[in-house]
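Q: Please take a close look at a single part of this structure and describe it in one connected account, including what surrounds that part.

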Amino acid sequence: MEVPCTGTGKGVALSMDSAALGSTVSSRSLSPSTWGEACPPLLRDPRSLVADLHRVHRPAPGTAVVGVLDQVGRVAAGASFAVAASAQRPGGGDGWQYRNAILAHLRRIIPHDLRRTSPVRTAVLMLCRRGSHAWTADDGAWMWALQDASTLHGLRCGAYVTLTDEGWQVLGDSRRGRIPHCGSWAQGTVRSVSSLPVRALMEPVRVCETQSTVRVGSL
């Protein structure tokens, strides 16, 4: 399924500009087949990874969670942030804006690996959104964004996971589950610090000015 370009390319100069913009935006997106050809490394235990990222960040719909895995697949750092409404476009978001958001958070939570001859750490992304687990044009923009941000930070591009009404799913992979889902953030809300899991208490936490949540350290 290819991502369609917006704009007709007909009429006055304004229409031509719109068509050019649509073509540029669609080029910053990946189709499921292109994503599969890139062969992102398989997660060793996707169920545990999704559960850990959800437990720490509790993403609500409209929230993205970026995580960095070390050489053995453990979470070394992570951050969650709200997806800006301005980044949304008809037919799918702009991968360039998504890339910039991911890269900005990667730079804040972990040093780059650009001096290495090959990547040793892996970036993963989990997007919490409403709807079904079927691929959308917006997923294509996020895939492109994760791939490009990983390259610019010297990381291996890893899995892209969605949390929807139907549960979680690793796109491009057959593995999925019903829990957590996009509404799980409202269930079992933590009421006090003492009720947090021990591993969560061990992690340094910093809440940024933009309401993003940053976690650094293994889970």
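A: Two strands are taken to pair if DSSP finds at least two bridges between them. In this predicted model, that criterion is a useful way into strand 4, the part examined here, and into the elements around this strand.

As background, the protein chain has six helices and eight strands, and from the N terminus on these elements follow the order α-α-α-β-β-α-β-α-β-β-β-α-β-β. Of the 219 residues in the protein chain, buried residues make up 47%.

Strand 4 itself covers residues 156–164, and eight of its nine residues are buried, so this strand is largely enclosed by the rest of the structure. One residue within those limits, Cys-157, counts as buried at 17% relative accessibility because the cut-off for buried is under 20%.

On one side, strand 4 is joined by six bridges to strand 3 (residues 122–128), and these two strands run parallel. Within this pairing, Leu-125 stands opposite Tyr-160 of strand 4. The chain passes from strand 3 through helix 5 (residues 137–152) before entering strand 4, and the β-α-β crossover made in this way is right-handed.

The pairing with strand 5 (residues 167–170) is of another kind, since four bridges join strand 4 to strand 5 and the two run antiparallel. Here Val-161 has Val-170 of strand 5 as its bridge partner, and the connection between strand 4 and strand 5 is a hairpin through two residues.

The cysteines deserve a separate word, since a biochemist may ask about covalent links. A disulfide is a covalent bond between the sulfur atoms of two cysteines. A search of the whole structure finds zero disulfides. Cys-128 is accordingly in no disulfide, and its nearest cysteine sulfur, that of Cys-182, is 5.3 Å away, whereas the cut-off for a disulfide is within 2.5 Å. Cys-128 is also buried, with a relative accessible area of 1%.

Helix 5, which the chain follows between strand 3 and strand 4, merits the same attention. Helix 5 has 16 residues and reaches 23 Å from its first C-alpha to its last, close to the 22 Å expected at 1.5 Å a residue. Twelve of those 16 residues are buried, so helix 5, too, is largely enclosed by the rest of the structure. The buried residues of helix 5 include Asp-138, Asp-139, Trp-142, Met-143, Trp-144 and Leu-146. Following helix 5 comes Gly-154, whose phi is positive, near 75°.

Trp-142 connects helix 5 to other parts of the chain through its ring. The count of aromatic pairs comes to two. In one of them, the rings of Phe-81 and Trp-142 have their centres 6.4 Å apart and their planes at 50°, so this pair is tilted. Because Phe-81 lies in strand 2 (residues 75–82) and Trp-142 in helix 5, the pair ties together parts that are 61 residues apart in sequence. Phe-81 is buried with a relative accessible area of 5%, and Trp-142 is buried with a relative accessible area of 1%. Tyr-98 and Trp-142 also form an aromatic pair, and this one is stacked, with 3.9 Å from centre to centre and 5° between the planes. The second pair likewise links distant parts of the chain, with Tyr-98 in helix 4 (residues 95–109) and Trp-142 in helix 5, 44 residues apart. Phe-81, Tyr-98 and Trp-142 therefore belong together, as they form one aromatic cluster under the rule that ring centres lie within 6.5 Å.

Helix 4, which supplies Tyr-98 to the pair, has 15 residues and reaches 21 Å from its first C-alpha to its last, close to the 21 Å expected at 1.5 Å a residue. Among its buried residues are Tyr-98, Arg-99, Ile-102, His-105 and Ile-109. Seen down the axis of helix 4, its buried residues fall within an arc of 165°, so they line one face of the helix.

To return to the part in question, strand 4 is joined to strand 3 in parallel by six bridges and to strand 5 in antiparallel fashion by four, and eight of its nine residues are buried.

Definitions and conventions: Residues are numbered from 1 along each chain as its sequence is written. This is a predicted model: local features need pLDDT of at least 70, side-chain atom pairs count only at pLDDT 80 or more; totals for chains, interfaces and linings use all residues. Side-chain values use heavy atoms; hydrogens and water are left out. Buried means under 20% relative accessible area, exposed over 50%, partly exposed in between (1.4 Å probe, protein chains only). A crossover is right-handed if, with the strands pointing away from the viewer, the path from the first strand over the helix to the second runs clockwise. Rings of Phe, Tyr and Trp (its six-membered ring) pair if their centres lie within 6.5 Å; planes under 30 degrees apart count as stacked, over 60 as edge-to-face and the rest as tilted. The expected span of a helix is 1.5 Å times one less than its number of residues. The arc is that of the directions from the helix axis to the C-beta atoms.
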